[in-house]
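Colleague: Please give me a close look at the charged side chains, their pairings and their surroundings. Set out the cut-offs as you go.

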Amino acid sequence: MRKTIKWVWLALALFFIPFTNTGVLAESSEEKDDTGKVEEKNEVVYANLEAGGSLENIYVVNAFELKEPGVIEDFGNYESVKNLTDTSKIEQDGDTIRMEAASDTFYYQGNLSKELPWKFTINYYLDGEEVDPKTIIGESGQVEIEIKVEENEEAETPFFDNYMLQISQSLNTDYFYNIEAEDATIANAGKNKQIAFTVMPGEEETLMLQADTDQFELAGMEISALPSSVSVDSPDTDALTEEFQSLTDAIGEINQGVSELGDGIRGLGGGLTELENGSSQFQNGLNELSNSSGELTGASSEINNAFQSIQEEVGQITGIDGIDQLGSMTEAASDMAAGMEALADEIDALTTGYGDAREALKTAMDQIPEATLTEEDFQVLYDSEIDSEIIDELTGTYEAAQSALAVYNESIESFEAVEPALSEFQTSASEIAGSIRSFADEIEQSVGQIDIDEGLDEFITSVNTMADNYNQFHEGLLSYTNGVNELSTSYADIHGGISGAATGANELAAGTDELQDGTSQLYDATQNIPDEMQEEIDKMISQYDKSDFDPVSFVSEENNDMTNSVQFVIQTDSIQPEEDTAEVEEEEESEGFWERLMNLF
């Protein structure tokens, strides 16, 4: 009992001491009128919202930390103010608030008519239909709560841009189950589930909470807003940027490879065009040579037949009558010589033409690049956006060009053997023509001087030798011309392939140019990805790193210099049966001052 009385008197003493001190301090302040020095000021903004999110009322609790007690000033367009520290009077002169702080800390409340930096819209759904939450208290079903957070454009933006929101809703597990809330943290708090959402600075969000209920009623939703003052360290992005750098480098290599491929294809196309022109000249030379073969062999056949006739006639010559017959052969021999000379001239012209055609072919073949393209190079094309038919044509063209080059290399000895053979035939024909003409001249000069026995026999032997030699020449010419005809026929197919390859290569070169334009654009678009990605990462981090934010007063900018922090504590109305509220109010009203004082002990 004594202990109880002791605590009561102690409580009474503590209760009345502030009033006594206040009077003394007030009297002292009148005498001294000392000006206090504020070290810092902190504002806590309290706001009550309706269940749907509309603002009901708002007030600010201002807390001062003083270096020296005394009279201090604050600023704010308050509708009313209340001293929360002692009973001293607070003077309000327009937006200027003047008060006397007797200790190192001082608190007062100011009621405002002001908008919050955020607009809250809370919608409630029961079994998929939007409802007024007060009309479904006690009902059951699937409940959805939609919370929209938007910027209030009629309020100051520094808070919306720099403050992080924590939105919490407590659900009694006696009434709610199957609770779901995407992007929320759900924690146990006794028999309640605490659902907490976070809204980052400068963000507008729509949050969803879903649960099944047997009896719908809700405690008030709690919303706190604090500056996002935690410095966010930039993550180590070197590995990621290195991977992207490798990608862009690979794209650059592909672009370079396609460029080199384009150069190769253009070189191939140019070489094939030169090859087609040279091949056309060579084919024309072969055709001309083949067409002339008939004339050559015809003329040679006539000369050979003439030799055979002379040989037969000479073999029948005997005695003086035979020598007389030789005179009539001089004219025929002169004609044969003239024919052989014409034949030699024609072969000489053919030799020159064939040499020019072969040289043109060789020059064209030298233009074909070596087979350096690989399957990987062609796969790059197949992986691109070029029509696969064009790539197939490229492959065929490239292979045809290489095949033509291979055939040429294999046949080069045959091509080179034609010209010496023609030259040899021309030389032989010239020599034979000269021999026949000398023979005719000798006949003309020697008729009447030839020894009937020995001289005639020697002459006949010379004619037989000449006839036999020419017959061999004629057989060789026939074999040669047959070979030329076969070569001309075979080369027509080669020339057709070369022409097709040249056309395809030129078309493909145009397609490769388009591909190179595409890869070049791709490289230009991606080469800065690592730097751009790092910039975006830094930008995202800076969006949430508000560590450099300097606090400003929510009430008045005149308070900015001494404002150390501003916090928001916001709560919505609870949605509960009215009888519970009435019972609480009745219980509170039934307790007087002394009852509340005694309850402290």
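Modeller: R98 counts as partly exposed at 29% relative accessibility, where buried means under 20% relative accessible area, exposed over 50%, and partly exposed in between, with a 1.4 Å probe and protein chains only. The model is a predicted one, in which local features need pLDDT of at least 70 and side-chain atom pairs count only at pLDDT 80 or more, while totals for chains, interfaces and linings use all residues. Residues are numbered from 1 along each chain as its sequence is written, and side-chain values use heavy atoms, with hydrogens and water left out.

The partner of R98 is E91: the two form a salt bridge with the closest N and O atoms 3.5 Å apart. A salt bridge here is a side-chain nitrogen of Lys or Arg within 4 Å of a carboxyl oxygen of Asp or Glu. E91 is also partly exposed, with a relative accessibility of 44%. By this rule the count of salt bridges is 6.

Another of these pairs is K191 with D174, whose closest N and O atoms lie 3.3 Å apart. This pair links distant parts of the chain, 17 residues apart: K191 sits in the loop between β13 and β14 (192–199), and D174 in the loop between β11 (163–172) and β12. Helices (H or I, at least four residues) and strands (E, at least two) are DSSP runs, numbered from the N terminus. D174 is partly exposed, at 49% relative accessibility.

Salt bridges with shared partners also join K41, E43 and D74 into one network. Within that network, K41 pairs with E43, and their closest N and O atoms are 2.9 Å apart. K41 has a relative accessible area of 0%, so it is buried. E43 counts as buried too, at 0% relative accessibility.

Unpaired acidic residues appear on the surface. E115, E150, E153, E154 and E204 gather there in a patch of negative charge. Patches are made of residues with over 30% relative accessible area and no salt bridge; like charges are joined within 9 Å, and nonpolar side chains (Val, Leu, Ile, Met, Phe, Trp, Tyr) within 5 Å. Lys and Arg count as positive and Asp and Glu as negative, with His and the chain ends not counted. A charge is placed at NZ of Lys, CZ of Arg, CG of Asp or CD of Glu. One patch member, E154, lies in the loop between β10 (141–151) and α2 (157–162). Its relative accessible area is 69%, which means that E154 is exposed.

Two aspartates call for a look at the backbone. D127 has a positive phi of about 55° although it is not a glycine. D127 is placed in the loop between β8 (118–126) and β9 (129–131), and at 51% relative accessibility it counts as exposed. D183, likewise a residue other than glycine, has a positive phi near 65°. The loop between β12 (176–180) and β13 (185–189) holds D183, which is exposed with a relative accessible area of 70%.

As for the surroundings, the secondary structure of the chain comes to 11 helices and 17 strands. Of the 601 residues in the chain, 38% are buried. Contact means heavy atoms within 4.5 Å; among contacts between residues at least 6 apart in sequence, 80% join residues at least 24 apart. The chain exposes about 33200 Å², and carbon and sulfur atoms supply 45% of it. Accessible areas come from the Shrake-Rupley method with a 1.4 Å probe, and for residues only the protein chains shown count as cover.
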